[in-house]
There are 2 protein chains.
Amino acid sequence: MSRPSEFLPTLQALVQCYQAFETFSAADIRGLGLTPPQFDIVATLGNTAGMTATELGEKTLITKGTLTGVVDRLVGRGLVERTAHGSDRRCQIIRLTPSGEALFARVFPSHMAYMAECFADSGAADHERWQGALRALEQIFRKKEKA
Amino acid sequence: MSRPSEFLPTLQALVQCYQAFETFSAADIRGLGLTPPQFDIVATLGNTAGMTATELGEKTLITKGTLTGVVDRLVGRGLVERTAHGSDRRCQIIRLTPSGEALFARVFPSHMAYMAECFADSGAADHERWQGALRALEQIFRKKEKA
DNA sequence: TAAATTTAGTTCGTGTTAGAACTAAGTGTG
DNA sequence: CACACTTAGTTCTAACACGAACTAAATTTA
């Protein structure tokens, strides 16, 4: 067993890091006229032929109940559309409209460039260190949730 | 300048790690009858003589507009109270009521024990690695937001 | 095949979230 | 002192978050 004085600083560092990212990223996304979940969806659907709501939810980490509302708003703005799935009438294929494709082509590169500035001085070794640490920490939580 | 193929995996790892933590932690907190922000507030106020709303917001990373509502609900349940600040009439001191203290004494150790199970096999070196990586990554976002 | 179970999405209730506009109170400068 | 400015908290709006309950359509089981 571990003591809080050992692991609490790790959890605080995780939350503070995530918040810093979210705040920084969202400021740019809002300036592009989207909310962060909306951007995630548009970015995920870009350069694809569409996908089911379940698949979209898995990729964006948005739960299905929330996804309905976010997609509703994007449909209302004419950026995505729901089309029938060929063989399974429970499913829908969600995909970008031409207007949504145009938005994707504009905002995705813009936001990538914005984020790239952060990492101008970071090398491959930095990324390996971050990804290695983050994936190990993620497993810490996932291994317990199975039990 | 950096390429998305380099830094996107880092960002995805961060988001997935954070989500895994949040989901795992929240499941326990909800079982204790609190929401995650409510738990944060009770945990922050525990073993203190109270603090101003601004200070509480800084520690819990809850913005002031949100804090009003969360504190309202805790006041409604009789767990915290707002008292006048001695010298500055704009401020309030928010602190736990006796009932809130009792709740803190029950749920805080319980949740710590729940989280400690995750880190049963982690040593000091693991925590140093995680904290070092997370703090460095956090600075990546903070150094740009100043500019 | 009929019943039981699973899966896909929607709806609903409660709570959180950020930012912006607002009020009240303190601080600074002339 | 009077004015501009800052700070503390609340209110407001739009959107998101999650779980639970629900409908409809598939799939499994007997």
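In this predicted model, chain B drops onto chain A after a rotation of 180° with 0.0 Å of shift along the axis, and the superposition gives an RMSD of 0.1 Å. That is the relation of a two-fold axis. The contact between the chains fits the same picture: 100% of the interface residues of chain B are also interface residues in chain A, so the copies meet through the same surface.

Two DNA strands come with the protein chains, and strand C can be taken to begin with. There are 22 residues around DNA strand C, and Thr54(A), Thr35(B), Thr63(B), Arg73(B) and Arg89(B) come nearest. On the DNA side, sugar and phosphate make up 73% of the strand C atoms that come within 4 Å of the protein. One polar contact of this backbone kind involves Thr63(B), which has a polar side-chain atom 2.8 Å from a phosphate oxygen of DNA strand C. Another runs from Gln92(A), where a polar side-chain atom sits 3.1 Å from a sugar or linking oxygen of DNA strand C. A base is reached as well: an N or O atom in the side chain of Arg90(A) is 2.9 Å from a base oxygen of DNA strand C. As for the elements that give two or more residues to the surface near DNA strand C, chain A brings α3 (53-60) and α4 (64-76), while chain B brings α2 (36-45) and α4 (64-76). Sorted by class, that surface holds 10 polar, 8 charged and 4 nonpolar residues.

Now for strand D. Around DNA strand D there are 22 residues, of which Thr35(A), Arg73(A), Arg89(A), Thr54(B) and Arg90(B) come nearest. Here sugar and phosphate account for 76% of the DNA strand D atoms that come within 4 Å of the protein. Phosphate oxygens of strand D turn up in several polar contacts. From chain A, a backbone N or O atom of Arg89(A) is 2.7 Å from a phosphate oxygen of DNA strand D. From chain B, Thr54(B) puts a polar side-chain atom 2.4 Å from a phosphate oxygen of DNA strand D, and an N or O atom in the side chain of Arg82(B) is 3.1 Å from a phosphate oxygen of that strand. At least two residues of the surface near DNA strand D come from each of α2 (36-45) and α4 of chain A, and from each of α3 (53-60) and α4 of chain B. By class, this surface divides into 8 charged, 10 polar and 4 nonpolar residues.

Arg82(B) is worth a second look. This arginine belongs to strand β2 of chain B, which covers residues 80-84, and counts as partly exposed at 35% relative accessibility. Leaving aside residues up to four places away in sequence, Arg82(B) touches Thr68(B), Val71(B), Asp72(B), Val75(B), Gln92(B), Ile93(B) and Ile94(B). Gly50(B) is 32 residues away from Arg82(B) along the chain, yet the two C-alpha atoms are separated by 9.2 Å.

Back in chain A, helix α2 is mostly covered, with 7 of its 10 residues buried. Those buried residues are Pro36(A), Gln38(A), Phe39(A), Ile41(A), Val42(A), Thr44(A) and Leu45(A). Just after α2(A), Asn47(A) takes a positive phi of about 60°, although Asn47(A) is not a glycine. Asn47(A) sits in the loop between α2 and β1 (51-52) of chain A and counts as exposed, at 70% relative accessibility. Chain B offers a further case in Leu61(B), again not a glycine and again with a positive phi of about 60°. Leu61(B) lies in the loop between α3 and α4 of chain B and is partly exposed, with a relative accessible area of 34%.

Finally, the cysteines. With sulfur pairs required to be within 2.5 Å, the count comes to 0 disulfides over all chains. Take Cys118(B): the closest cysteine sulfur, in Cys17(B), is 11 Å from its own sulfur, too far for a bond. Cys118(B) is buried, with a relative accessible area of 0%, whereas Cys91(A) counts as partly exposed at 28% relative accessibility.

Definitions and conventions. Residues numbered from 1 in each chain as written. Chains lettered and ligands numbered in written order. Predicted model: local features only at pLDDT ≥ 70, side-chain atom pairs only at ≥ 80, totals over all residues. Heavy atoms only, no water. Least-squares fit on C-alpha atoms with pLDDT ≥ 70 in both. Contact = heavy atoms within 4.5 Å. Buried < 20%, exposed > 50% of the residue type's maximum accessible area, 1.4 Å probe, protein only. Near = heavy atom within 4 Å. Polar contact = N/O pair within 3.5 Å; in protein donor to acceptor, adjacent residues only side chain to side chain. Helix = DSSP H or I, 4+ residues; strand = E, 2+ residues; numbered from the N terminus. Nonpolar A, V, L, I, M, F, W, Y, C, P; charged D, E, K, R; others polar.
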